[in-house]
Amino acid sequence: MAQTEVKDLLNAGVHFGHLTRKWNPNMAPYIYMERNGIHIINLYKTAAKIEEAQTALKKIAVSGRKILFVATKKQAKDIVAEKVKNINMPYITERWPGGMLTNFVTIRKAVKKMATVDRMKKDGTFETLSKKEKLQVSRMRAKLEKNLGSITEMTRLPGALFVVDIKREHIAIKEAQKLNIPIFAMVDTNSDPREVDYVIPSNDDASKSIEKILSLVTLSISEGLSERKNEKEAIEKGESKIDPTKETEKSKTITDTKVATEVVTNPVIKVTDEVETTADLVADSGSKSTEIKPKKTKAKAKEENSKEKK
């Protein structure tokens, strides 16, 4: 993960805040000083917060969840679209559709409409429509593509939300708060940082500042995605880690089964071994003889008595 250099942030103009009369008092811990009626953001705190956000975003990327980027302001539109396309994540750069998260099922239906129109064009059913119907369908498809084209691959709610300018995107923030979705955001001196889980105190108006922060964030996400890809490949190849304790348990069970099969197949060998061991024990204990005399039956005893009388 790339380290954040304070000098690079300074060159990008991340430290410029809003006018002092427009400030939010909750941003006081992140403000360094005031100059010419403008608040200056403490870049050391910004760098620390960027690293914190990077680690959290990387974990989400490794888990396989999507991160939704929201930036509808003019300065950030093109930058967000360009940066986020490279990492294959969903983004909203046009008007935020109301209920995008809280009413996600309806939004998914609208996205499916685009897929049905595309299918109609492939099947040839689109050509059977009248000229007026074709025009209506194509206009509807273009409108949906403009507003929701970037979230076609987002089949479920995102794992996190990354927002540029939380004052402008207040509806998106409220929806994410309702659903307990973690919020990452670039927060300027005129905004309330308490609404965000991961605050990045920075200038959210300058295009250079937005580009710098987004490049650092997207880099950490791409690293997380590459890690996930490597793990998948390792599992497919069978190179996953083997627990040594499990291996010893396996070997023990194998040996136990071997002994059991030997006892079943060669019972004679085992019995003779037992006789030898008992004889050795008797000899060691100091007994006079180790011979085992067979017991006399009644018939044999009678025969011996009759022979003696004769």
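Which hand, left or right, does the crossing of helix 2 and helix 7 have? Before turning to that question, the reader should know that the structure shown here is a predicted model, and that its protein chain contains 10 helices and 8 strands. Of the 310 residues in the protein chain, 35% are buried. When contacts between residues at least 6 apart in sequence are considered, 64% of them join residues that are at least 24 apart.

The crossing of helix 2 with helix 7 is right-handed. Helix 2, which covers residues 43–63, packs against helix 7 at an angle of about 35°, and the two axes are 8 Å apart. On the side of helix 2 the contact is made by Ile50, Gln54, Leu57, Lys58, Ala61, Val62 and Ser63, while helix 7 contributes a list of residues that includes Ile213, Leu216, Val217, Ser220 and Ile221.

One of these residues can serve as a guide to the packing, namely Leu216, which lies in helix 7. Leu216 has a relative accessible area of 7% and is therefore buried, since the term applies to values under 20%. Apart from its neighbours within four places in sequence, Leu216 is in contact with Thr4, Leu9, Ile50 and Gln54. The C-alpha atom of Leu216 is separated by 9.0 Å from that of Glu51, although the two residues are 165 residues apart along the chain.

A second pair of helices can be followed in the same manner. Helix 4 (residues 104–123) and helix 5 (residues 131–148) have axes that come within 10 Å and cross at roughly 130°, and because of this angle helix 4 is described as oblique to helix 5. The crossing in which helix 4 passes helix 5 is left-handed. Helix 4 takes part in this contact through Ile107, Ala110, Val111, Lys113, Met114, Val117 and Asp118, and helix 5 through Val137, Met140, Arg141, Leu144, Glu145 and Leu148. Elsewhere in the chain, the charged end of Lys121 sits over the ring of Phe126, at 5.4 Å from the centre of that ring.

From the helices we turn to the aromatic rings. A pair of aromatic rings is described by the distance of the centres and the angle of the planes. In this model the count comes to 2 aromatic pairs. One of them is formed by Phe69 and Phe162, whose rings are 5.3 Å apart from centre to centre with 35° between the planes, a tilted arrangement. This pair links distant parts of the chain, for Phe69 belongs to strand 4 (residues 67–70) and Phe162 to strand 6 (residues 160–164), with their positions 93 residues apart in sequence. Both Phe69 and Phe162 are buried.

The rings of Phe184 and Tyr198 have centres 4.4 Å apart and planes at 5°, so this pair is stacked. Because Phe184 lies in strand 7 (residues 183–187) and Tyr198 in strand 8 (residues 198–201), the pair ties together parts that are 14 residues apart in sequence. How buried or exposed are the two partners? Phe184 has 0% relative accessibility and so counts as buried, whereas Tyr198, with a relative accessible area of 26%, is partly exposed.

Some individual residues complete the picture. His39 has its place in strand 3 (residues 38–41), and with a relative accessible area of 9% it is buried. Setting aside residues up to four places away in sequence, His39 touches a series of residues, among them His15, Phe16, His18, Trp23, Met33 and Thr189. Thr189 is also in contact with Lys22, a residue in the loop between strand 1 (16–19) and strand 2 (31–35). The C-alpha atoms of Lys22 and Thr189 are separated by 7.9 Å, while along the chain the two residues are 167 residues apart. Lys22 counts as partly exposed, at 45% relative accessibility, and its contacts beyond four places in sequence include Asn190.

Another loop residue, Asp205, is found between strand 8 and helix 7 (207–237), and it is partly exposed with a relative accessible area of 28%. Leaving out residues up to four places away in sequence, Asp205 touches His18, Lys73, Gln75, Asp188 and Ile210. His18 is also one of the residues that His39 touches. Between Asp205 and Met186 the C-alpha to C-alpha distance is 10.0 Å, and the two are 19 residues apart in sequence.

Notes:
Residues numbered from 1 in each chain as written. Predicted model: local features only at pLDDT ≥ 70, side-chain atom pairs only at ≥ 80, totals over all residues. Heavy atoms only, no water. Phe/Tyr/Trp six-rings, centres within 6.5 Å; stacked < 30°, edge-to-face > 60°. Helix = DSSP H or I, 4+ residues; strand = E, 2+ residues; numbered from the N terminus. Buried < 20%, exposed > 50% of the residue type's maximum accessible area, 1.4 Å probe, protein only. Lys NZ or Arg CZ within 6 Å of the ring centre and 35° of its normal. Axes fitted to C-alpha atoms, helices over the stretch in contact; angles between N-to-C directions. Parallel < 35°, antiparallel > 145°, perpendicular 65-115°, else oblique. Left-handed = near helix turned anticlockwise from the far one by under 90°. Contact = heavy atoms within 4.5 Å.
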